[in-house]
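Subject: Structure handover

Hello,

Here is the structure I said I would pass on. My notes on what turned up in it follow below.

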Amino acid sequence: MDTVIIPQTYNEWHHCITVICNQPLTPKYIEERIHALSNPRDFKTQQFVKLYGEEQRIKTLEWFKQAKSQSAIS
């Protein structure tokens, strides 16, 4: 049985997105996710909150914002 691990830190989240999910954090993807996670009417955001809770939505939104600021530096 697979164990689901919910990231608790930026580094855990970054590893989950980029390594486990093999999802590049492109500027376009980051912007799309920031926009969606900021919109309580977005269907995927509503599903995210049902699965992981509002606190995790806020953390994840902040991690996308951090990724955006770090990509701007690179």
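Ile34 is buried, with a relative accessibility of 12%, in what is a predicted model. The residue belongs to helix 2. Neighbours within four places in sequence aside, Ile34 is in contact with Leu61, Phe64, Lys65 and Lys68. Its C-alpha atom is 9.3 Å from that of Lys68, which is 34 residues away along the chain.

Ile34 is also part of the largest nonpolar core, which has 12 residues. The others in that core are Tyr10, Trp13, Ile17, Leu25, Tyr29, Ile30, Leu37, Leu61, Trp63, Phe64 and Ala67. Helix 1 (10-20), helix 2 (27-37) and helix 4 (54-73) each contribute at least two of these residues. Ile30, another member of the core, touches Leu25, Phe64, Ala67, Lys68 and Ser71 when residues up to four places away in sequence are not counted. Phe64 and Lys68 are thus listed for Ile30 and also for Ile34.

Trp63 is the core member I would look at next. Trp63 sits in helix 4 and has a relative accessible area of 8%, so it counts as buried under the 20% cut-off. Outside the four places on either side in sequence, Trp63 is in contact with Pro7, Gln8, Thr9, Tyr10, Trp13 and Gln56. Of these, Tyr10 and Trp13 are in the core as well. Pro24 is 39 residues from Trp63 in sequence, and the two C-alpha atoms are 14 Å apart.

Two polar residues of helix 4 are worth listing alongside. Gln56 is in helix 4 and is buried, at 7% relative accessible area. Beyond four places in sequence, the contacts of Gln56 are Ile6, Pro7, Gln8, Phe48 and Trp63. Pro7 and Gln8 therefore appear in the contact list of Gln56 under the 4.5 Å criterion, and they appear in that of Trp63 too. Thr60 is likewise found in helix 4, and its relative accessibility of 7% makes it buried. A polar atom of the Thr60 side chain lies 2.8 Å from the backbone oxygen of Gln56. Thr60 also touches Trp13, Leu37 and Phe48, with residues up to four places away left out.

How do helix 3 and helix 4 cross? Their axes come within 7 Å and cross at roughly 120°. That angle makes helix 3 oblique to helix 4. The residues that meet are Thr45, Phe48, Val49 and Tyr52 from helix 3, and Glu54, Gln56, Arg57 and Thr60 from helix 4. Phe48, in helix 3, is buried at 16% relative accessibility. Not counting residues up to four places away, Phe48 touches Gly53, Gln56, Arg57 and Thr60. The C-alpha atom of Phe48 is 8.8 Å from that of Leu37, 11 residues away along the chain.

Both ends of helix 3 have something to note. At its start, a side-chain oxygen of Asp42 reaches to within 3.1 Å of the backbone nitrogen of Lys44; the helix covers residues 43-52. After the helix comes Gly53, with a positive phi near 95°.

A positive phi also turns up in a residue other than glycine: Asn22, with phi near 55°. Most residues other than glycine have a negative phi. Asn22 is placed in the loop between helix 1 and helix 2, and at 62% relative accessibility it is exposed.

Last, the cysteines. How many disulfides does a search of the whole structure find? The search finds 0. The cysteine sulfur closest to that of Cys16 is in Cys21, at 4.4 Å, and this is too far for a bond because a disulfide needs the sulfur atoms within 2.5 Å. Cys21 is accordingly in no disulfide. Cys16 is partly exposed, with a relative accessibility of 22%, and Cys21 is partly exposed at 49%.

Regards

Methods: Residues numbered from 1 in each chain as written. Predicted model: local features only at pLDDT ≥ 70, side-chain atom pairs only at ≥ 80, totals over all residues. Heavy atoms only, no water. Core = buried A, V, L, I, M, F, W, Y, C linked by side-chain atoms within 4.5 Å. Buried < 20%, exposed > 50% of the residue type's maximum accessible area, 1.4 Å probe, protein only. Helix = DSSP H or I, 4+ residues; strand = E, 2+ residues; numbered from the N terminus. Polar contact = N/O pair within 3.5 Å; in protein donor to acceptor, adjacent residues only side chain to side chain. Axes fitted to C-alpha atoms, helices over the stretch in contact; angles between N-to-C directions. Parallel < 35°, antiparallel > 145°, perpendicular 65-115°, else oblique.
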